[in-house]
Amino acid sequence: MKKQKVYLDHNATTPLHPQVKKAMQKAMESFGNPSSLHVFGREAASLVEQARENVASFIGAKAEEIVFAGSGSEANNTVLNMVACSSKHCCPFKKDGKTRIVTTQIEHPCVLESSKCLKDRGVDVIFIGVDDQGKVKMDELSHAIVPGVSIVSVMMANNEIGTIQDVRTISQMAHKVGAFFHTDAVQAVGKIPIDVKDLNVDFLTLSAHKIYGPKGIAALYSKKGIPFCPFIRGGHQERGRRAGTENTLGIIGLGIAIEMRAQEMIPEAKRLREFKNILRDGIRQKIPDVRFNGHPEDSLAGTLNVSFRGAEGEAVLLYLDMEGIAVSTGSACASGSLDPSHVLLATGISAELAHGSVRISMGRETRISEIKYVLDVMPNVIDKVRKMSTVY
Amino acid sequence: MEQNWVYTEKVKDHFMKPRNVLKDGEDFKADGEGSVGNIKCGDQMNMYIQVDKDKQVIVDCRWRTYGCASAIASTSVLSEMIKGMPLSQAAKLSPKDIMQQLGSLPEHKIHCSVLGDKALRAAINNYYERNGMQENVRTEEVKIVCQCMNVTDQEIEHAVLEGARSYYELQERTKLGTVCGQCKDEAERLLSEYIQKHF
């Protein structure tokens, strides 16, 4: 079997789209500061505004509702911190002098850690659990979303297991009690159709490097009319909502990445869904004692998360890496902490199965030959790790 | 890709071709066996030793692990080190001795490699117990350092292996000294002792 180099970690990050690379290379000539009034500045500003238009129209928003930020983490931090802000300007987020946040146990660490920090600062935070397929428990949610809640924040698609939440319904529940709604859609935008007006969300986070754009640039949709309190202060950029000279190169890259997504997203999802079925069936057929994590239907087309009993995930990952296959794992050993994936534990699986989990995330350049290669290599790797295992 | 591997060539070699793993259905008659670790924490280690009873020397060994690349590689190296080694010497092996043989590991992976020598000590103790030599059994003494938060010296050692380098980081990880603070001096002494021992 010929060794191949197969990248199946697209939920971690993606390669630049060739069109993005081209646009960014060209944009390197436009060095002007978009805030400058002269021709250099105006040229840069017009490129930035074009990108803003692209992002806005892709998610059904107005250009002025898009705020560029340095990362998805920054955008999420911005929302949560503004909710807990005690300045007079941000009062609408407080109910009877108290800030209350409802979120879930499977959010990205940037939401979880921010929420925990706010909790230490006196904010009420409730973390809602999920079922065994990673769907947010709607009964727990309806108990938690009561008058007095400031904001509900629920991620649209999970980075580890790919499960997609019913954001429209949850947003409705939030609005019914007068709460705002935020969704971290970093893994969803560009993979499933999203319309902010249809979903009726107040804030939405998206990131460029998950959709073949550059790293270090993201966008926050902030619905017109909703109060805004900047996280990074000291400049009039982004209509005063995010200070700091614009990352023009990144913004232009994001704009083109989004434009490409509009063309490629739907046929790609169809293809990846087929690949996922082939991968899932093949693994089930060739490898005993596996468990597939996440929702079988309501999940990202390109994300497959599987646990191998008795096989530690980091060892599996590195043996696969030796064969040229790049995946990720929910094992503690890969994360630098003692705990395995908080997402998998929240779905109720045992720590052993969480340590033995592997995430395969496909993307626009994934080919069926690569899937077949994985199916050729993986059974031997799992067998090798299990033969060393104390528990298999 | 290969040139940027986080592990040294030796670690990689032992990871790819682990030595002395107990094979399926292998009839290895162990004179002592030990098991340490916990699947919940993501690592578990079994060690099996054969002993020349006249010379009190380890002649052969086998092992199995549920663990990551560092655990696999470090135990593989350990299994080569101990063949022909007197029990008394083997019982004193520390993670640092294994690390010296292995070259090095990324700092955050060192805690993954401490199970090998623990499992070996458990196997040696098991051998002594089976052969009526209880007086040789060395138990790991655990001492409570912080009375308020019930934190032991073992937990301090663990926190150091996990990356704690200052008293503040130690407090963050173990919560020791966060009530009365009387244990600060001893905790700081142990902190530097364990950093010295492992790094």
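**A walk through chains A and B**

Gln56(B) has 17 C-beta neighbours inside 10 Å, so it counts as partly exposed. A buried residue would need 20 or more such neighbours, and an exposed one would have 12 or fewer. The model that shows this is a predicted one. Gln56(B) sits in the loop between β2 and β3 of chain B. Its phi is near 55 degrees. That is a positive value, and the residue is not a glycine.

The strands on either side of this loop lead to the contact between the chains. How many residues does each chain bring to that contact? Chain B gives 21 residues and chain A gives 20. On the side of chain B that touches chain A, the elements giving two or more residues are α1 (9-16), β2 (43-52), β3 (57-66) and α2 (69-81) of chain B. So what kinds of residue make up this side of chain B? By class, 12 are nonpolar, six are polar and three are charged.

Stay with chain B. Its domain assignment gives domain 1 (2-136) and domain 2 (144-198). The centres of domain 1 and domain 2 of chain B, taken over C-alpha atoms, are separated by 27 Å.

Now find helix α7 of chain B, residues 167-174. Which of its residues are buried? They are Leu170(B), Gln171(B) and Thr174(B). These buried residues lie on the same side of α7(B), because they cover an arc of only 100 degrees around the axis. The spacing has a general background. An α-helix has 3.6 residues a turn, so residues three or four places apart point the same way. What do the buried residues of α7(B) pack against? Their partners are β5 (151-152), α6 (153-161) and α8 (184-198) of chain B. Turn to the face of α7(B) that points away from the buried side. There you meet the exposed residues Tyr168(B) and Glu172(B). Just after the helix comes Lys175(B). Its phi is positive, near 70 degrees.

Chain A shows a helix with a similar story to follow. Helix α1 of chain A covers residues 18-27. Its buried residues are Val20(A), Ala23(A), Met24(A) and Ala27(A). Viewed down the axis of α1(A), they fall within an arc of 100 degrees, so they line one face of the helix. That buried set packs against α2 (39-58) and α9 (248-286) of chain A. The face of α1(A) turned away from the buried side carries exposed residues. These are Pro18(A), Lys22(A), Gln25(A) and Lys26(A).

Next, look for a pair of strands in chain A. Strand β3 (residues 100-104) and strand β4 (residues 124-128) of chain A run parallel. Five bridges join them. Across this pairing, Ile101(A) in one strand stands opposite Val125(A) in β4(A). What links the strands into a unit? Helix α4 (residues 109-120) of chain A joins β3(A) and β4(A) in a right-handed β-α-β unit.

Step back to the whole of chain A. The domain assignment gives domain 1 (6-15 + 265-388) and domain 2 (18-260). The C-alpha centres of these domains of chain A lie 28 Å apart. Their contact takes 25 residues from domain 1 of chain A and 24 residues from domain 2 of chain A. On the domain 1 side, the elements giving two or more residues are α9, β10 (303-308) and α11 (342-346) of chain A. Which element gives the largest share of that side? It is α11(A), with four residues. By class, the domain 1 side has eight nonpolar, 14 polar and three charged residues.

Finally, follow α9 of chain A. Asn277(A) has its place in this helix. Is Asn277(A) buried or exposed? It counts as exposed, because it has 12 C-beta neighbours inside 10 Å. Asn277(A) and Pro193(A) are 84 residues apart in sequence. In space they are 21 Å apart, C-alpha to C-alpha.

Beyond the helix, Asp289(A) lies in the loop between α9 and β9 (290-293) of chain A. With 14 C-beta neighbours inside 10 Å, Asp289(A) counts as partly exposed. Its phi is near 55 degrees, a positive value in a residue other than glycine.

How values were computed. Residues are numbered from 1 along each chain as its sequence is written. Chains are lettered from A and ligands numbered from 1 in the order in which they are written. This is a predicted model: local features need pLDDT of at least 70, side-chain atom pairs count only at pLDDT 80 or more; totals for chains, interfaces and linings use all residues. Two strands pair if DSSP finds at least two bridges between them. A crossover is right-handed if, with the strands pointing away from the viewer, the path from the first strand over the helix to the second runs clockwise. Two residues are in contact if their C-beta atoms, placed from the backbone, lie within 7 Å. Ala, Val, Leu, Ile, Met, Phe, Trp, Tyr, Cys and Pro count as nonpolar, Asp, Glu, Lys and Arg as charged, and the others, Gly among them, as polar. The arc is that of the directions from the helix axis to the C-beta atoms. Domain bounds come from an automatic or database domain assignment.
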